[in-house]
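The following exercises are to be worked through with the sequence and the structure at hand. Each task is followed by a solution in steps.

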Amino acid sequence: MNILVTRHDKIGDFITMLPVCKVLKEQTNHKVVMLVAKVNVDLAKELDFIDEVIEYTTDSKALVKTIKAYSFDVSISGYIDINLGKVLFKSRIPQRIAPATKIAQIFFNKRVKQRRSEVKMREFEYNLQLLKAFDKTLVLEFQKPLLAVGSISSNENSNMHSHQGRWEREEAVGSVTPNNFIIFHAGFGGSSDGNLTLDDYLKLAKKASNYTNVVFSFGPDDRESKVYIKKHLNFNATIRDDFKSLIDFTHFIAKSKLFVSTSTGPMHLAGMTNTPTLSFFGENLFASAKRWGTISNEELQHNFSVGADYGHEVYEEIEKCLLEII
């Protein structure tokens with residue numbers, strides 16, 4: 001059979017759908033094709049349990065034409081909206097599986113009641129439950145990690161070095177060895193519920209720098225955070241914002257011994273490679289680790305609830321955990 005698995009939203013959401021593809025590939029002989037947002041296309045192509053990848057586009061006419069060419073027997077969607085529903089319906093996929101949520105469910109003929117807001121399991125487990133509507137004999141288990149990454153390349157290693165009392169990407173005078181550094185990915189400018197302030201990221205990283213090498217990583221949307229961190233950096237740390245792609249960033253994360261961040265896409269990138277994580281989540285149940293925890297071995301996850309007005313006690317607990325990991 002030809003099966004289309006869809007998850008056309010953000011990085012972290014996309015990763016929570018990957019176990020569906022992995023179970024299908026490991027337990028059946030079906031062809032597995034995934035429909036994803038542009039940001040996730042290259043990463044999806046890197047995974048050996050996905051046969052082909054289709055880039056989601058708002059050009060519905062072109063997308064329907066592309067999907068029809070595959071003659072899919074089934075589609076399984078973890079996240080739905082009106083546009084996706086119409087596209088899959090017009091593509092004449094005989095069996096269209098999706099959660100029974102939102103008005104968009106009218107375009108699907110196999111709807112699964114889940115009530116995800118009750119958070120009885122993690123997001124990826126809710127996604128896996130959709131498989132039972134397709135084949136009740138499937139075992140909803142899979143091998144971790146989702147992506148196995150090899151040793152660090154010499155090119156990546158040469159990008160990390162000390163210069164004038166700080167760690168910068170300048171003239172090399174030393175290098176950081178693989179698995180001998182911790183990554184701090186601040187994100188959100190330090191203002192989000194479920195995240196530390198940038199000052200506390202700096203404080204935490206400075207403490208870590210007494211024992212290991214420290215890297216601050218930044219994505220294309222983290223400019224303000226990067227400016228603040230660079231301005232207030234007063235200890236040895238590498239600044240990295242030059243990743244060529246999501247795959248490049250993911251491979252770099254996998255070389256670290258710990259990834260420290262709030263609960264967004266980069267955290268899930270760390271989880272998919274079984275990299276140890278120290279992660280910060282919102283206090284409400286919907287935003288908690290119970291719903292959005294990483295897809296990695298449980299012993300590698302160190303999760304904390306961090307409110308918008310968290311106190312010194314919360315920071316001290318996080319710092320204690322960090323030092324125990326180091």
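**Exercise 1. A sheet and its strands**

How many bridges join strand β1 to strand β2, and in which direction do the two strands run relative to each other?

*Solution.* The model is a predicted one.

Step 1. Locate the strands: β1 covers residues 2-7 and β2 covers residues 31-36. They are joined by 6 bridges and run parallel. One pair of facing residues is Leu4 and Val33, the latter in β2.

Step 2. Extend the view to the whole sheet. It is open and has 6 strands, in the order β3-β2-β1-β4-β5-β6, with parallel pairing. The edges are taken by β3 (52-55) and β6 (110-112); each has a single partner strand, so one side of each lacks a neighbour in the sheet. On average, neighbouring strands are turned by 20° against each other, direction ignored.

Step 3. Add the helices that cover the sheet. Helix α1 packs on it and touches β1, β2 and β4 (74-77), and the direction of α1 makes about 165° with that of β1. Helix α3 (residues 60-68) lies across β1, β2 and β3, and runs at about 165° to β3.

**Exercise 2. Two helix pairs**

Determine how α1 is oriented relative to α10, and then treat α3 and α4 in the manner of the first pair.

*Solution.* Two packed helices are described by the angle between their axes and the distance between the axes.

Step 1. For α1 (residues 11-27) and α10 (residues 265-272), the angle is about 30° and the axes are 7 Å apart. Angles under 35 degrees count as roughly parallel. The helices α1 and α10 are therefore roughly parallel to each other. Their crossing is left-handed.

Step 2. Identify the residues of this contact. From α1 come Ile11, Gly12, Ile15, Thr16 and Leu18, and from α10 come Gly265, His268, Leu269 and Met272. By class, the contact of α1 with α10 has 5 nonpolar, 4 polar and no charged residues.

Step 3. For α3 and α4, the axes come within 9 Å and cross at roughly 45°. These two helices are therefore oblique to each other. The crossing of α3 and α4 is right-handed.

Step 4. In this second contact, α3 contributes Ser60, Leu63, Val64, Ile67 and Lys68, while α4 contributes Asn83, Val87, Leu88 and Lys90. The residues of the contact between α3 and α4 divide into 5 nonpolar, 2 polar and 2 charged.

**Exercise 3. A covered helix and a covered strand**

How many residues of α10 are buried, and how many of β13?

*Solution.* Step 1. A residue counts as buried under 20% relative accessible area. In α10, 8 of 8 residues are buried; among them are Pro266, Met267, Ala270 and Gly271. After α10 comes Asn274, with a positive phi near 60°.

Step 2. Strand β13 (residues 277-281) has 5 of its 5 residues buried. In a regular strand the side chains alternate between the two faces of the sheet. In β13, Thr277, Ser279 and Phe281 point one way, Leu278 and Phe280 point the other way, and all are buried.

Step 3. Find the partner of β13. Strand β12 (residues 258-262) is joined to β13 by 4 bridges, and the two run parallel. Here Phe259 stands opposite Thr277.

**Exercise 4. Residues in loops**

Is Pro94 buried or exposed, and which residues does Pro94 contact beyond its neighbours within four places in sequence?

*Solution.* Step 1. Pro94 is in the loop between α4 (82-90) and β5 (95-99). Its relative accessibility is 52%, so Pro94 counts as exposed. Leaving aside neighbours within four places in sequence, Pro94 is in contact with Phe72, Asp73 and Asn109.

Step 2. Consider the backbone at two other loop residues. Ser71, between α3 and β4, has a positive phi of about 55° although Ser71 is not a glycine. Lys102, between β5 and β6, likewise has a positive phi, near 60°. Ser71 is exposed, with a relative accessible area of 51%, whereas Lys102 is partly exposed, at 44%.

Step 3. Finally, examine the peptide bond from Lys144 to Pro145, which is cis, with omega near 5°. Pro145 lies in the loop between α5 (123-129) and α6 (154-158).

Conventions: Residues are numbered from 1 along each chain as its sequence is written. This is a predicted model: local features need pLDDT of at least 70, side-chain atom pairs count only at pLDDT 80 or more; totals for chains, interfaces and linings use all residues. Side-chain values use heavy atoms; hydrogens and water are left out. Axes are lines fitted to C-alpha atoms, for helices over the stretch in contact, and angles run from 0 to 180 degrees between N-to-C directions. Angles under 35 degrees count as roughly parallel, over 145 as roughly antiparallel, 65 to 115 as roughly perpendicular and the rest as oblique. A crossing is left-handed if the near helix is turned anticlockwise from the far one by less than a right angle, and right-handed if clockwise. Contact means heavy atoms within 4.5 Å. Ala, Val, Leu, Ile, Met, Phe, Trp, Tyr, Cys and Pro count as nonpolar, Asp, Glu, Lys and Arg as charged, and the others, Gly among them, as polar. Two strands pair if DSSP finds at least two bridges between them. Buried means under 20% relative accessible area, exposed over 50%, partly exposed in between (1.4 Å probe, protein chains only).
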